[in-house]
Amino acid sequence: MEKFNVLGFGHVGLSVRDVEVSRKFYEDMLGFSVVWEHFNEDGSRSLLFMGNQSCVIEFLDAKHDRVDGLNGPINHLSILVDDIEAAVAELKSKGIVFELDITLDPNLYQNGEKFAIFRGPDGERLQLEQIL
């Protein structure tokens with residue numbers, strides 16, 4: 001059996017109605033700052049991560065993932081691991097079915113990330129994340 005280490009929560013993905021309103025609120029009221037953001041070629045923002053200490057939130061535009069949809073306002077909980085290949089292999093060996101197998105996102109963080117998505121026992125959307 002493969003072994004991997006959980007390093008902590010990577011982040012919480014939160015669907016919001018207006019990313020800029022949320023950005024200002026979390027900056028002004030809670031002292032959060034931008035951890036990472038990525039823009040599309042047309043200049044529109046595709047990703048916004050903000051954090052304060054070890055608390056990191058990924059703000060997702062609700063136009064793409066409805067606030068009151070299947071996942072509710074909390075889109076996913078990200079669990080940071082040291083070896084995503086080992087983690088996915090171990091969980092698959094235990095019967096976990098992944099909605100999204102290991103995917104590389106080269107635009108996230110300085111060197112990219114790998115992630116995979118599955119559901120918990122109550123339908124909660126869980127993401128394994130390895131920051132590269």
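Start in strand β8, where Gln127 is the bridge partner of Ile117. Select that pair first; this is a predicted model, and the tour works outward from here.

**Stop 1: β7 and its two neighbours**

Show residues 113-119, which make up strand β7. β7 and β8 (residues 125-131) run antiparallel, with seven bridges joining them. Now bring up residues 98-105, strand β6: this strand also runs antiparallel to β7, and five bridges join the two. To pick out a single rung here, select Leu104 and its bridge partner in β7, Lys114. Is β7 mostly covered or not? Switch on a surface and check: five of the seven residues in β7 are buried, so the strand counts as mostly covered.

**Stop 2: zoom out**

Colour by secondary structure and you should find two helices and eight strands. Walking from the N terminus, the order reads β-α-β-β-β-β-α-β-β-β. Of the 132 residues in the protein, 42% are buried. Among the contacts with a separation of 6 or more, 53% are between residues 24 or more positions apart. With the surface still on, you are looking at about 7,800 Å² of exposed area, 54% of it supplied by carbon and sulfur atoms.

**Stop 3: the largest nonpolar core**

Next, select Val81, Ile84, Val88, Phe98, Phe118 and Leu128. These are the residues with the most contacts inside the largest nonpolar core, which has 13 residues. At least two core residues come from each of β5 (74-81), α2 (84-93), β7 and β8. Which element gives the largest share of this core? That is α2, with five residues.

Stay on Phe98 for a moment and show its surroundings. Leaving aside residues up to four places away in sequence, Phe98 touches Val88, Leu91, Lys92, Ala116, Ile117, Phe118 and Leu128. You have met Ile117 already, as the bridge partner of Gln127.

There is also a second core, separate from this one, with nine residues; Leu14, Leu48, Met50 and Ile57 are among them.

**Stop 4: aromatic pairs**

The structure holds four aromatic pairs. For one of them, select Tyr26 and Phe59: the arrangement is edge-to-face, with ring centres 5.0 Å apart and 65 degrees between the planes. This pair links distant parts of the chain, since Tyr26 sits in helix α1 (residues 19-30) and Phe59 in strand β4 (residues 55-61), 33 residues apart. Are these two buried or exposed? Tyr26 is buried at a relative accessible area of 16%, and Phe59 is buried at 3%.

Another pair to select is Phe49 with Tyr109. Their ring centres are 5.6 Å apart and the planes meet at 50 degrees, so this pair counts as tilted. Here too, distant parts of the chain are linked: Phe49 belongs to strand β3 (residues 45-52) and Tyr109 to the loop between β6 and β7, 60 residues apart. Both Phe49 and Tyr109 are buried.

Go back to Tyr26 and add Phe32: ring pairs link Tyr26, Phe32 and Phe59 into a cluster. While you are in this part of the model, click on Ser22, which lies in helix α1. Ser22 is buried because its relative accessible area is 12%, below the 20% cut-off. Beyond residues up to four places away in sequence, Ser22 touches Val16 and Phe59.

**Stop 5: loops and backbone angles**

Most residues other than glycine have a negative phi, so the next two picks deserve a look at the backbone. Which value does phi take at Gln53? The angle is near 60 degrees, positive in a residue that is not glycine. Gln53 is found in the loop between β3 and β4 and counts as exposed because its relative accessibility is 77%, over the 50% cut-off.

Tyr109, from the tilted pair, also has a positive phi, of about 60 degrees, without being a glycine. Tyr109 is in the loop between β6 and β7, and this residue is buried, with a relative accessible area of 12%.

Finish in that loop with Pro106, which is placed between β6 and β7. At 52% relative accessibility, Pro106 counts as exposed. Then draw a C-alpha to C-alpha distance from Pro106 to Leu132: the two are 26 residues apart in sequence, and the distance in space is 9.0 Å.

Conventions: Residues numbered from 1 in each chain as written. Predicted model: local features only at pLDDT ≥ 70, side-chain atom pairs only at ≥ 80, totals over all residues. Heavy atoms only, no water. Buried < 20%, exposed > 50% of the residue type's maximum accessible area, 1.4 Å probe, protein only. Helix = DSSP H or I, 4+ residues; strand = E, 2+ residues; numbered from the N terminus. Pairing = 2+ DSSP bridges. Contact = heavy atoms within 4.5 Å. Areas by Shrake-Rupley, 256 points an atom, 1.4 Å probe, with all protein chains shown as cover. Phe/Tyr/Trp six-rings, centres within 6.5 Å; stacked < 30°, edge-to-face > 60°. Core = buried A, V, L, I, M, F, W, Y, C linked by side-chain atoms within 4.5 Å.
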